[in-house]
Amino acid sequence: MLALHNLILYNFLQMAKLSHILILHCWSMDSLLHLAQMTQSTNAFIQFEKITPNFQPNNLLNNQIVKLGVFLDINCNDSEMVLNEASARRLFSHRYHWLIYDRSVNFSHFKRTQLYIDADLTYVTNNPSSENFMLYDLYNKGLQLGGELNVTADQEISCNEQECRVERYLSDFHTRSPLQHRKSFTGLTMRATGVVNALPLNSSRKDIFAFLESQDQIHLDTYSRFGYQSRQPLRDMLDCKFHYIIRDRWTDGNVSGGMIADLINGLADITVAPFIYSLERGIFLQPLTKFTVFREICIFRNPRSMPAGLSTTEFLQPFSGAVWLTFALLLLLAGCLLWITFMVERRRKWKPSLLTSCLLSFGAGCIQGAWLTPRSTGGRMGFFALMVTSFLMYNYYTSIVVSKLLGQPVKSNIRTVEQLADSSLEVGIEPNIYTRIFLETSEEASIRSLYLKKVAGSKRSPDQIWMSTEAGVQAVRDYVGFVYITGVATGYEFVRKHFLPHQICELNEITLRDATQTQTHTVVVKGSPYAELFKLNELRMMETGVHSKHERYWMRTKLHCYQHNHTVAVGLEYAAPLFILLLGAMIFCVAVLGLEIIWHRHTTIP
């Protein structure tokens, strides 16, 4: 018994490096006293509990310890009940290090016990020939999957009253981690749950899997097919088969129905399609790795392409009012100086009037030259200064106008979902099941307002609201002011197909979901024994680029804006003020001409 006490401390304190130990026993008080005295010199906390017919594993369940060491003497009368309780409550997991002692080798106790792949169970028995202890590693890859008990001889340890030491290793189990030793699922069938919306559920499984394996029309069930095809390398790495459960939706709400119900109810071990992790789902699900970006957006054409109204100040915007006033006064002053110059130079010849001199100055300001120029050196130098000033002003003006036409398109003032809900714009929605459920069940005020005003309260027919992806994108292109709600992975494909490169720059985007819901994850049910194994294999696929290869093909999450690859056409909303100004000037000139004719007739009547 003293050697067994030493083995217990050696296994828990040195091999497993644990400080919290529970001893399940049927020993005498003297044996317990000796073991308790041996632990006084350690930092371990050891609790003793006697196995009785009414044993309840409360000390195993009600603890917050990261990992608890449990010793069980299977030779006790009621030890079978302890195994049954631990199996029923799934206590043979990575959170417990079990050391089970048996005087004689008998593995039949564990053939129907739920020993999962992450079980940390060491079975100890005596070697009859040498009185040493033989240690075995026990686990089962999944009793529910048809797995059988796996027994691996680990090492032989000799213990005396003072210490324990390893006599020999019986396998290479000590050279690698338990998961590396158990990573193969050869001969087993894992249960996977997936979703298909593009085909009816009553379709033949041959048609469903042919669709999941296809690589055309990537806008149909993008995340499902991406997940299915990226799971095939995982299946090969595990060396097993997958049995697929096909559903028509991810969830009915947040944590019920669809694929999530298969996970929570234990019908599936892994999902084919990824999930958005949330606080509510965190109660039941455990995220493993990031899968891909998930964004849903509201897209609509830039207001620049909409009738913006007629603005008479459009061509005055390059300069401020003070600059225009200064330039006008400068031209008026130059006209007066020209008139004085002409009066001095042409004393005996025809002399232009003050109005004609101002028109010459205005023509020079518009870079139109002049049909009459001063003859004196001083006059010509003044006229040259006027031309240079006008030339600089003209270059400033044209460069500002061109840069404005070639600059970034003006974006809409509608920047949030709440503003969109309050606007008069019509909305179309991509008929994805996850989009529909999110809009119908979301408790966010902005999303609820959008659904009530644009969907539930709309007078349009459902066919005009729930539109296919291609039809919705074409409607955005053809109908100014139409908003389409779509996912970037599906909608961007048709934006590239139907929009010209410079038209992409005119699109406005409003994010439908907040930043906490823009990343999908690979998930398993919380406490899954396969969580760590799946996570390591997923990380391996990411490191080797296998996952990225599939992601680059299926996920089109960025649009390229080429706004300088086309001729900029000045629209009527910009040119109309110029035409109005010209028409007004012509009407004014005709009116002045009429007044001149009337005045001429009045002055020439005898």
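Q: What is the order of the strands in the open sheet of four strands?
A: In this predicted model, one open sheet has four strands with mixed pairing. Read across, their order is E15-E16-E14-E17.

Q: Which strands stand at the edges of this sheet?
A: Look for strands with a single partner strand, so that one side is left without a neighbour in the sheet. Neighbouring strands here are turned by 25° against each other on average, direction ignored. The two edge strands are E15 (426–429) and E17 (507–511).

Q: How many bridges join strand E14 to E17?
A: Strand E14 covers residues 296–301 and runs antiparallel to E17. Ile299 stands opposite Glu509 in E17. The number of bridges joining E14 to E17 is five.

Q: At about what angle to E16 does helix H17 run?
A: Two helices can be followed over this sheet. Helix H16 (residues 469–478) lies across E14, E16 and E17, at about 145° to E16. Helix H17 (residues 488–498) also lies across E14, E16 and E17. Its angle to E16 is about 125°.

Q: Which helix gives the most to the nonpolar patch?
A: Now to the surface, where a nonpolar patch of about 620 Å² includes Leu333, Trp339 and Met343. Leu333 has its place in helix H9. With six residues, the helix that gives the most is H9 (residues 321–345).

Q: Which element has the lowest mean pLDDT?
A: The protein chain has a mean pLDDT of 85, and 93% of its residues reach 70 or more. Over residues 305–310 the pLDDT is below 50. Where pLDDT is low, the predicted coordinates should not be read in detail. Among the elements, helix H6 has the highest mean, 94, and the lowest, 67, belongs to helix H3.

Notes: Residues are numbered from 1 along each chain as its sequence is written. This is a predicted model: local features need pLDDT of at least 70, side-chain atom pairs count only at pLDDT 80 or more; totals for chains, interfaces and linings use all residues. Side-chain values use heavy atoms; hydrogens and water are left out. pLDDT is the predictor's confidence in each residue, from 0 to 100. Contact means heavy atoms within 4.5 Å. Patches are made of residues with over 30% relative accessible area and no salt bridge: like charges are joined within 9 Å, nonpolar side chains (Val, Leu, Ile, Met, Phe, Trp, Tyr) within 5 Å. Accessible areas come from the Shrake-Rupley method with a 1.4 Å probe; for residues, only the protein chains shown count as cover. A salt bridge is a side-chain nitrogen of Lys or Arg within 4 Å of a carboxyl oxygen of Asp or Glu. Two strands pair if DSSP finds at least two bridges between them. Axes are lines fitted to C-alpha atoms, for helices over the stretch in contact, and angles run from 0 to 180 degrees between N-to-C directions.
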